[in-house]
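I am keeping these notes for someone who opens this structure without having seen it before. Each entry records what I looked up and what I found.

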Amino acid sequence: MALANFPSVVLKPPNSSQSLYLFPYLPKPTLPISGIRPKTNKVGVFKPISAALSDPYVLQLAESLEDSIPSASSSPLQKIRDSSSESLLSTPWPTRKDEPFRFTDTSFIKNSKILPIGSPSQQNFTSLIDTAETLLPNLSIVDGFAVNSLSLLSDLPNGVYVGGLSTLNSEAILKRVSEYVSSFQGDLFWSLNGVGAPDLILVYVPEDCRVEKPLHLRYFSVEGSEKVSKSLPLSNPRVLVLVEKGGEIGIVEEYVGGDGDKSYWTNSVMDVVVGEGAKVSHSYIQTQSLNAVHIKWTSVRQESASTYELIELSTGGKLSRHNVHVQQYGPETSTELSTFHLSFGAQMQDLHSRLILDHPRGFSRQLHKCIVAHSSGQAVFDGNIQVNRFAQQTDAGQLTRSLLLEPRATVNVKPNLQIIADDVKCSHGAAISDLEEDQLFYFQARGVDIRTARKALIFSFAAEVTERYPDSSIRKRVENHIRKLLLRS
């Protein structure tokens, strides 16, 4: 978009009738981006913050997001918006020249017409719900907005809160939330979510409370456009999971699309705080439209002796990118990351993960498995495990395995294990291949045709991850979903 389309800031120096037209930055000296004010120089003349580094497209997008949402209903949400706004002032749109996006092209998002989604209309959303899914306590999030009428939260223990901060009546919980918001800052998409999130959805588990049944967070993308329109309706759901000392909960985070292959952009963030001795089991399922953009951040803070487990399936989206950041804040933590990505169309499946270990006797395991089953399909894995000086007696392992089933299928992997501590047990490995010929021969020698044999081997390749889903009903649904995709391929 041409710079001429952006309004300029018009300023007048003291004792002068001449106006100064500065680099296009923000429309008028009013405050469209969460109250970030221009700085002043010694003579009191306003000038843009980091004007030379500002990206006009990013600032315009941030302004449109801010205009589409209600004012912040709580101080923690306002804190998120303020820190995100300030970050956007000096954050350009990522390109292939930026190392984190070296293999991930986001230019088609920038070239689309971005349409921030307002509050859901009062239409009947009951058709979105499969009654078989309502057996678990659940919260429905439609285009970034929590919809209580589609949720079932009656089976939760006393003291557990699930819902928006706008409806929270506990000052004590609100104070705890304020301690953790904005403690981590991600990339551009993290900040766009911070500016555009309509509310902060909170999952709070008090001290020594064990939630028996998993909590099912269901994200529905209803607003969508046709592919030919080159429009992307944008939603920004944001969730904070705060589990106090000794607490335990299972979270099922599932993203599904609306009708058919509509185009839309889900830009989601989840912060997870795992208190001392607490445990969070996180099941993540992404099956959105093949024309959708799905960008997700998961940031995890682990206190001493805590446990965090992530099991992930991602098969949807024209572009799907999951950024996982896990930070150890005490000794004897346990972290397990298990992911399976399937690119069966002209898709990009991207996982960027970072695990930082700063304390002794930590345990971590990461397993990443990926299948690219289309000649135009792509996948990326960039996994970084950092074992710092004081993380002695750490046991860390990382393994990535990818199957390329078509001649021009592409995968880029970058396993990275950085070790500064000297008393550790660490390993990592990577493998990229097609299906093994001897395995196919084994099936054929027993009368199994080649097509059936390939599907059986592909399914078993995925099963190493999918069998780790702790809830049997979720595990069965995931397995059935993979079988359906294999029938289409």
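**Entry 1: a residue in a strand**

In which strand is Phe145 found? I looked this up in what is a predicted model, and I found Phe145 in strand S7, which covers residues 145-152. Its relative accessibility is 13%, and because the limit for buried is under 20%, Phe145 counts as buried. Leaving aside residues up to four places away in sequence, I listed its contacts as Ile117, Gly118, Ser119, Pro120, Ser140 and Pro198. I then took one of these partners, Ile117, and noted that its C-alpha lies 9.8 Å from that of Phe145, with the two positions 28 residues apart in sequence.

**Entry 2: a second strand residue**

Ile117 came up again when I turned to Ser235, which touches Ile117, Asp143, Gly144, Trp265, Thr266 and Asn267, again not counting residues up to four places away in sequence. Ser235 belongs to strand S11, residues 231-235. Is Ser235 buried or exposed? With a relative accessibility of 5%, Ser235 counts as buried.

**Entry 3: the chain as a whole**

I stepped back to the protein chain, whose secondary structure I recorded as eight helices and 25 strands. The chain has 489 residues, of which 54% count as buried. I also looked at contacts with a sequence separation of 6 or more, and 82% of these join residues that are 24 or more positions apart.

**Entry 4: two helices**

Next I examined how helix H2 (residues 75-88) packs with helix H5 (residues 188-196), and I noted an angle of about 135° with the axes 8 Å apart. Why are H2 and H5 called oblique to each other? Angles have to be over 145 degrees to count as roughly antiparallel, and those from 65 to 115 count as roughly perpendicular, so at about 135° the two helices are oblique. Their crossing is left-handed. On the H2 side, the residues in contact are Ile80, Arg81, Ser84, Ser85, Ser87 and Leu88, and they meet Leu188, Ser191, Leu192, Gly194 and Val195 of H5. Sorted by class, this contact holds five nonpolar, five polar and one charged residues.

**Entry 5: aromatic rings**

How many aromatic pairs does a search of the whole structure find? The search gives eleven. One pair I wrote down is that of Tyr57 and Trp93, which is edge-to-face, with 5.5 Å from centre to centre and 85° between the planes. Tyr57 sits in helix H1 (residues 56-68) and Trp93 in the loop between H2 and helix H3 (107-110), so this pair ties together parts that are 36 residues apart in sequence. Both partners are on the buried side of the limit, since Tyr57 has a relative accessibility of 12% and Trp93 has a relative accessible area of 5%.

I then looked at Trp190 and Trp297, whose ring centres are 5.6 Å apart and whose planes stand at 85°, so this pair is edge-to-face. It links distant parts of the chain, with Trp190 in helix H5 and Trp297 in strand S16 (residues 293-302), 107 residues apart. Trp190 and Trp297 are both buried.

Which residues do ring pairs link into a cluster? I noted Tyr57, Trp93, Phe101, Phe189 and Trp265 as its members. Trp265 had already appeared in my notes among the contacts of Ser235.

Definitions and conventions
Residues numbered from 1 in each chain as written. Predicted model: local features only at pLDDT ≥ 70, side-chain atom pairs only at ≥ 80, totals over all residues. Heavy atoms only, no water. Helix = DSSP H or I, 4+ residues; strand = E, 2+ residues; numbered from the N terminus. Buried < 20%, exposed > 50% of the residue type's maximum accessible area, 1.4 Å probe, protein only. Contact = heavy atoms within 4.5 Å. Axes fitted to C-alpha atoms, helices over the stretch in contact; angles between N-to-C directions. Parallel < 35°, antiparallel > 145°, perpendicular 65-115°, else oblique. Left-handed = near helix turned anticlockwise from the far one by under 90°. Nonpolar A, V, L, I, M, F, W, Y, C, P; charged D, E, K, R; others polar. Phe/Tyr/Trp six-rings, centres within 6.5 Å; stacked < 30°, edge-to-face > 60°.
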